[in-house]
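User: I'm new to this one and would like to learn how to read its binding sites. Can you walk me through them?
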Amino acid sequence: MKIEFNFKSIKSKYDLYLGAASLGNKDKPSFLFQEKNINTLFSNHKCSKNFKAKLGETLSLNDEENKYIVMGLGNSKDLKSEKLRRSFAKFYRSLKTKNVLVDLDSFSKKFKTDKTAEILLEAIYLTRYSFDKYKATSKENGKVSFYSSKMTKAKFEKIDEKISAISSSVNICRDFVNEAPNVLNSEVYASLIEKDIKKNMKGCGVKVKILKKSDIKKEKMNLFLSVNAGSAYEPRLVHLTYTPKKATKKTKHIALVGKGITFDTGGYSLKPGGSMMGMKFDMGGSATLYGAFRSAVLQGSKNKITCVLAMTDNAVNAKATTPDSIVKGRNGKTVEILNTDAEGRLILADALDYTCDLKPHEIIDAATLTGACLVAFGVEVCALLGNDQKMINGLLGASKDADEYLWQLPIIDEYRDQMKSKIADLKNIGKARMAGTATAAAFLENFIKNDISWSHLDIAGVCDSQVHLPYCPPSGASGVMVRTVSQYLMK
Ligand code: BES
Ligand code: ZN
Ligand code: ZN
């Protein structure tokens, strides 16, 4: 539901009036509501003695007609955009009332009104999300309106349009990742993406091409096919192209390549039951990059963007690939498959080679690639590796702007050596489990050609349950990294 902008009098029309307070002189809170009488009401109330306006601290009051809640911003000097986003999300999550008016100006103590509006809107849209299509009762979201004397309605609506594009794309990524694997197989997944483009990106300049099994065979993507060998479903390679309206020869072309394993059993190198649970999220890389692509298209990015999503499950049957198999990839390199659970790098290998042939300036791939990423970074930080420091710095910058954690790991010759096989060009696992995230990237690097700048995001940790982020559902898909990549694509 859209968020409204309303200048009209607040009286009685809303169930709740939300404002902010900051820590003023002598540790006394200053109430920042636009209406002085509300501030006086708060200042004079005996409860406000204990209220210190600490970040996220709340105080509620009623008069005869209305209910008010104030949220503390702490010392506005120390306020950071992410702190405001998280505190407001937590605040919003706790509200019981359905019809709320937000006093935007009162929250704009540290940041400009525009920036504050962006942060609050994002917090609301992302916090409202819930995956409840299989529940008998679904969560009901109330109505929210904003109020400001420093901004026009037109300006507000422009900001809302931008934040809606970003947030709805984060939320569609979450929907795909949360969907059950018995419903979202590769064939269904590809057609849902096509449907979303037809519905929401008409006239935006997006071309859709979906490669079926026979096309993938023609492309000689044998590594991709080897992962699909044990599947009851056909693989799909979704290939999307966005061309901006004012494209010239100088237009930058960025390609995205996503891992779309709709379920990872491990194959013959079968995962134990406990580790298999949750492996529906193994298509998170493709959902994240589709979300970023969608967000950038809806915002009319100036860059040309290609999005290549490789979809299959990693299942087992009599035809499934066995460990010790040797398979030749699309680029002609042979791979000794020693562990069928290291399947993500196999499908990405062929998808990366396919994408290099399109000659983009840059490639970003994203994948829930290694359990080792969780060992290194926990669920909080996304790993970044690549072959071009300038591009990597650009992505690190975008992650700072989006307030998402991204950290670089190295690719060194010692890791590259670990991926060499005695009897084939490459093998698909390194030594033991050490440096697993980096050795996986060292493997992928073999499939980048034409001197293309390439960055790899291992989202194994950040893709799922982000309990520490109040604007993410406490369990299930997070959509983290959609905003970072989208931000990068908008540069
Ligand atoms: N999808 C998994 C990676 C993963 C595991 C993500 C656990 C999140 C939690 C991937 O396909 C995989 O199984 N990787 C193996 C690679 C190993 C066999 C070299 C892993 O990380 O154990
Ligand atoms: Zn696996
Ligand atoms: Zn996997």
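Analyst: Sure. Keep in mind that this is a predicted model. Let's start with the pockets: the largest one is the space taken by ligand 1.

User: Which residues are closest to ligand 1?

Analyst: For a ligand, you list the residues around it. Here 18 residues surround ligand 1, and the closest are Lys271, Asp282, Asp341, Glu343 and Gly371. Sorted by character, the shell has eight charged, six nonpolar and four polar residues.

User: What polar contacts does ligand 1 make, say with the side chain of Asp264?

Analyst: You look for pairs of N or O atoms within 3.5 Å. The side chain of Asp264 has an N or O atom 2.9 Å from an oxygen atom of ligand 1. In the side chain of Lys259, an N or O atom is 3.3 Å from an oxygen atom of the ligand. There's a backbone case too: a polar backbone atom of Leu369 lies 3.5 Å from a nitrogen atom of ligand 1. As for cover, ligand 1 taken alone exposes 500 Å², and the protein buries 84% of that.

User: Now the metals. Which protein donors hold the zinc ion (ligand 3)?

Analyst: With a metal, you read off the donor atoms and their distances. The zinc ion (ligand 3) is coordinated by Lys259 (NZ), Asp264 (OD), Asp282 (OD) and Glu343 (OE), at 2.0 to 2.5 Å. Along the chain, these donors follow the spacing K-x4-D-x17-D-x60-E.

User: Why is the arrangement around the zinc ion (ligand 3) octahedral?

Analyst: Ideal angles for six octahedral donors are 90 or 180 degrees. The arrangement around the zinc ion (ligand 3) counts as octahedral because its six donor atoms subtend angles of 77 to 174°.

User: And what are the protein donors of the zinc ion (ligand 2)?

Analyst: They are Asp264 (OD), Asp341 (O), Asp341 (OD) and Glu343 (OE), lying 2.0 to 2.2 Å from the ion. Their residues are spaced D-x76-D-x1-E in sequence. The site of the zinc ion (ligand 2) is irregular, with angles of 70 to 169° among its six donor atoms.

User: How far apart are the zinc ion (ligand 2) and the zinc ion (ligand 3)?

Analyst: They are 3.2 Å apart, and Asp264 bridges the two.

Terms used: Residues numbered from 1 in each chain as written. Chains lettered and ligands numbered in written order. Predicted model: local features only at pLDDT ≥ 70, side-chain atom pairs only at ≥ 80, totals over all residues. Heavy atoms only, no water. Near = heavy atom within 4 Å. Polar contact = N/O pair within 3.5 Å; in protein donor to acceptor, adjacent residues only side chain to side chain. Areas by Shrake-Rupley, 256 points an atom, 1.4 Å probe, with all protein chains shown as cover. 1 Å grid on protein atoms, 1.4 Å probe; cavity = no way out; pocket = protein on both sides within 12 Å on 5 of 7 lines; lining within 4 Å. Sits in = over half its atoms within 2 Å of the grid points. Nonpolar A, V, L, I, M, F, W, Y, C, P; charged D, E, K, R; others polar. Donors = N, O, S within 2.8 Å, 3.2 Å for Na, K, Ca; no water. Tetrahedral: all angles 85-135°; square planar, octahedral: opposite > 155°, others 65-115°.
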